[in-house]
Amino acid sequence: CVRLSENQVSQERPVNSSLKPTPLCSLHKTLGARMAVFAGFDMPINYPTGIITEHHHCRAAASLFDVSHMSQFCIRSSNGCAEIAAALELMVPGDIQGLRLGQLRYTMFTNNQGGVIDDVIVARVANHFHLIGNASRSKTDKKILCDKLPASISVKQLDRALIALQGPKAEEILVRHVPKLPALNFMYGNKFELAGTQCWVSRSGYTGEDGFEISVPANQAVEVAELILDEEEVKPAGLGARDSLRLEAGLCLYGHDLTETITPIEAGLQWTISRRRRAQKNFPGAHKILHQLIEGPEQQRIGLQPAGNILVRAGAKINDTNGNNIGTVTSGGFGPTIG
C-alpha cells in the first residue's frame, strides 16, 4: 500500500556502474532486502516482513534505518566557529550563531526568490560544524558551500555512514552500549564509542519517534549496525517505512513538500526562523519570506485525511465543491498507525 514519494526512486537497475552502494549494502542483501535506486544509491526499500510491519515495529519498539545516502559535510576555519556561523547565516534563515556546543539546528538553503534549495541539519561540534543534506541535493549543497564561504573556511564531504535507530525503545537499547546516552537531549549530539569506534551520535530523526542518528566511519558501519541489530527489540526498516513514518508525522520531503519554488513559510516552517534572523534580513530571499510572515502566503502546506480507505497520491488535484482547483497533493500515502 505504501510507495516512496521521491522522484529519484526506481525499481529498474541502471546498466552503468554509477550506482553507488552505501557501506551497509552487503548487510541489506544478507537480510533479504528489496533494493531499488534512490537518488543514485542502491538502497533497501523493505525487508521480507514488509513495509507495514516495519512501520508498526518502529512505532512500538525500535527500527534501524540506513540513511547513508544523505550527504555529510565538515566545515572548519582556522579563525574558529564564530566565523563559520556568521558565514552560514548569509545562506540560511536559521540561527546558527546561537548554537550551543553539540546542538543541532534544522534549517534550509534558500534562493533569492525565497524558495528552498535544500533542507539541512547543522550541528556545532567542538571546533567545527557538521552539516547533513539530502542525497538528491548533494552536489548543489557542496557548490553553495564552496562558492559562498570565504577562502579561510574549508569544506570536506565526509566518507561516513549514517544509521538511524528510531522508536520508543531506542534509548533503552542504545544505552546498553553508550551508558552516558540519557544525558543527550533532543537535537543535541556528542561523540561516543560504539563497537570500538568513535561515532557522532545525535538525538534526532525523521520518523516522529524518539531516536538517534549515528554517523560512523564507513569501514566500521557494518559492525556498528550488527551490534544494534543483535538487540532483540530491533528490526531493520527500509525507505518505504521511513517515508510512511515521516508522512504520518507531517514532516516535509524535499522535492515534494519543499522545492526551489516553495518558501519556508508556504511549507509551514516559519518556526525555524528566529526573531533575530527576521530582524537581520540578511539571508537569501529574506524580502519575500518576511513579507509572507507578515501578510501571509498565497499557498500553504496543510494536512489532509481522506474519508474512508482511499489512497491519495502526490500530484492529485484538490477541487472545491464547485469543481475549482484549490491545491495539489505534495505527499500522500497510507498511514498504517491510523489505518
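Me: What's the split of nonpolar, polar and charged residues in the lining of the second largest pocket?
Reply: In this predicted model, that lining divides into 21 nonpolar, 13 polar and 11 charged residues.

Me: And how many residues line the second largest pocket, and which lie nearest its centre?
Reply: There are 45 lining residues, and those nearest the centre are Tyr106, Asp119, Gly205, Tyr206 and Leu251.

Me: Which elements give two or more residues to that lining?
Reply: Five strands and a helix do: E6 (104–110), E7 (116–124), E8 (129–133), E10 (160–166) and E13 (211–217), along with H7. H7 gives the most, with four residues.

Me: Nice. What's the volume of the second largest pocket?
Reply: About 910 Å³.

Me: OK, switching over. What volume does the largest pocket have?
Reply: The largest pocket comes to about 1100 Å³. Its lining is made up of 37 residues, with Ile302, Gly303, Leu304, Val329 and Ser331 closest to the centre.

Me: Which elements supply at least two residues each there?
Reply: Helix H7 (239–248) and strand E16 (325–328).

Me: Which of them has the largest share?
Reply: H7 again, with four residues in the lining of the largest pocket. You may remember H7 from the second largest pocket, where H7 also gives four residues.

Me: How do nonpolar, polar and charged residues divide in the lining of the largest pocket?
Reply: Here you'll find 15 nonpolar, 17 polar and five charged residues.

Definitions and conventions:
Residues numbered from 1 in each chain as written. Predicted model: local features only at pLDDT ≥ 70, side-chain atom pairs only at ≥ 80, totals over all residues. Heavy atoms only, no water. 1 Å grid on protein atoms, 1.4 Å probe; cavity = no way out; pocket = protein on both sides within 12 Å on 5 of 7 lines; lining within 4 Å. Points joined across faces, edges and corners; volume = space filled by probe spheres on them. Nonpolar A, V, L, I, M, F, W, Y, C, P; charged D, E, K, R; others polar.
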